[in-house]
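This report describes one protein chain, with attention to a small sheet, the nonpolar cores and the salt bridges. The sequence and the structure come first.

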Amino acid sequence: MAESDFSLSQDLLHELFEYRDGSLYWKVTRPHVYIGKEAGCIGDRGYSRIVINNKMYRTHRIIFLMHHGYLPTEIDHIDGDKLNNKIENLRAANRSQNLLNKKISNKNPSGVKGVSWCKERNKWEVQMYVNGTKKFVGRFDDLDVAKAMAISFREKNHGEFANNG
């Protein structure tokens, strides 16, 4: 989610917060805010968020802006943990890259990202996205072979955003 509020600046954020190990702590006192208190709360989508000037921001976006001086379209949590906002766990991404790093759906019966069961052919099917386009990799009798092909394809085509988990 890209916030387009340009009233936030790197300088303002450094005036308001101290960054420590993936968390932000207030450097100012305001209503319900005290110097040294950890900033933010967990929102309904599982991200930490903070209110600044009556507007809600996701904590990882504030931390990224504080460290890098700009806000990319999206920010990827490298380890997939929405609450791990350590700067070394955050990287700029576009939508496609961010989706590549998603964890496997709990609805996936194969237990392997990009691998599904094709009832019509009675085989495991491997399909994945590359630059927003779905690519067919192949159909396989053996799940282990399909898994190996999926991992190989993902590592070749998804680069640093390859997530096999």
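Is glutamate 160 buried or exposed? Glutamate 160 is exposed, with a relative accessible area of 61%. The model is a predicted one.

## The pair around arginine 91

The side chain of glutamate 160 meets that of arginine 91 in a salt bridge, with an N to O distance of 3.3 Å. Arginine 91 belongs to strand β7 (residues 90-93) and glutamate 160 to the segment after α4, so this salt bridge ties together parts that are 69 residues apart in sequence. Arginine 91 counts as buried, at 12% relative accessibility, because the cut-off for buried is under 20%. Its partner glutamate 160, at 61%, is exposed.

## The β8-β9-β10 sheet

Three strands make up an open sheet in the order β8-β9-β10, and the pairing is antiparallel. β8 and β10 (133-140) are the edge strands; each has a single partner strand, so one side of each is left without a neighbour in the sheet. From one strand to the next, the twist averages 30 degrees.

Strand β8 (residues 115-118) and strand β9 (residues 123-130) are joined by four bridges. Valine 115 has valine 126 of β9 as its bridge partner, and tryptophan 117 stands opposite tryptophan 124. The two strands form a hairpin with four residues between them. In the turn, asparagine 122 has a positive phi of about 55 degrees.

Helix α4 (residues 143-158) lies across β8, β9 and β10. The helix runs at about 10 degrees to β9.

## Salt bridges on β9

Seven salt bridges are found in a search of the whole structure. One of the pairs consists of aspartate 141 and lysine 123, whose side chains meet at 2.6 Å, N to O. Aspartate 141 sits in the loop between β10 and α4 and lysine 123 in strand β9, 18 residues apart. Aspartate 141 is exposed, with a relative accessible area of 61%, whereas lysine 123 is partly exposed at 26%.

Glutamate 125 and arginine 139 also meet through their side chains in a salt bridge, at 2.7 Å, N to O. This pair links strand β9, where glutamate 125 lies, to strand β10, where arginine 139 lies, 14 residues apart. Glutamate 125 is buried, with a relative accessible area of 11%; arginine 139, at 32% relative accessibility, counts as partly exposed. Elsewhere, Asp76, Arg91 and Glu160 are joined into one network by salt bridges that share partners.

## Nonpolar cores

In soluble globular proteins, nonpolar side chains tend to be buried together. Here the largest nonpolar core has 19 residues. Those with the most contacts inside this core are Leu13, Phe17, Leu24, Trp26, Ile50, Ile52 and Ile62. The elements giving two or more residues to the core are α1 (10-16), β2 (23-26), β4 (48-52) and α2 (59-68). Of these, α2 supplies the largest share, five residues.

Which residues does tryptophan 26 touch, leaving aside those up to four places away in sequence? Among them are Leu16, Phe17, Val33, Tyr34, Ile35, Ile50 and Val51, as well as Lys37 and Glu38.

A second core, separate from the largest one, has 10 residues. Val115, Trp124, Val126 and Val130 are included in this second core. Val115 and Val126 are also the bridge partners described above for the hairpin.

Key. Residues numbered from 1 in each chain as written. Predicted model: local features only at pLDDT ≥ 70, side-chain atom pairs only at ≥ 80, totals over all residues. Heavy atoms only, no water. Pairing = 2+ DSSP bridges. Axes fitted to C-alpha atoms, helices over the stretch in contact; angles between N-to-C directions. Contact = heavy atoms within 4.5 Å. Core = buried A, V, L, I, M, F, W, Y, C linked by side-chain atoms within 4.5 Å. Buried < 20%, exposed > 50% of the residue type's maximum accessible area, 1.4 Å probe, protein only. Salt bridge = Lys/Arg side-chain N within 4 Å of Asp/Glu carboxyl O.
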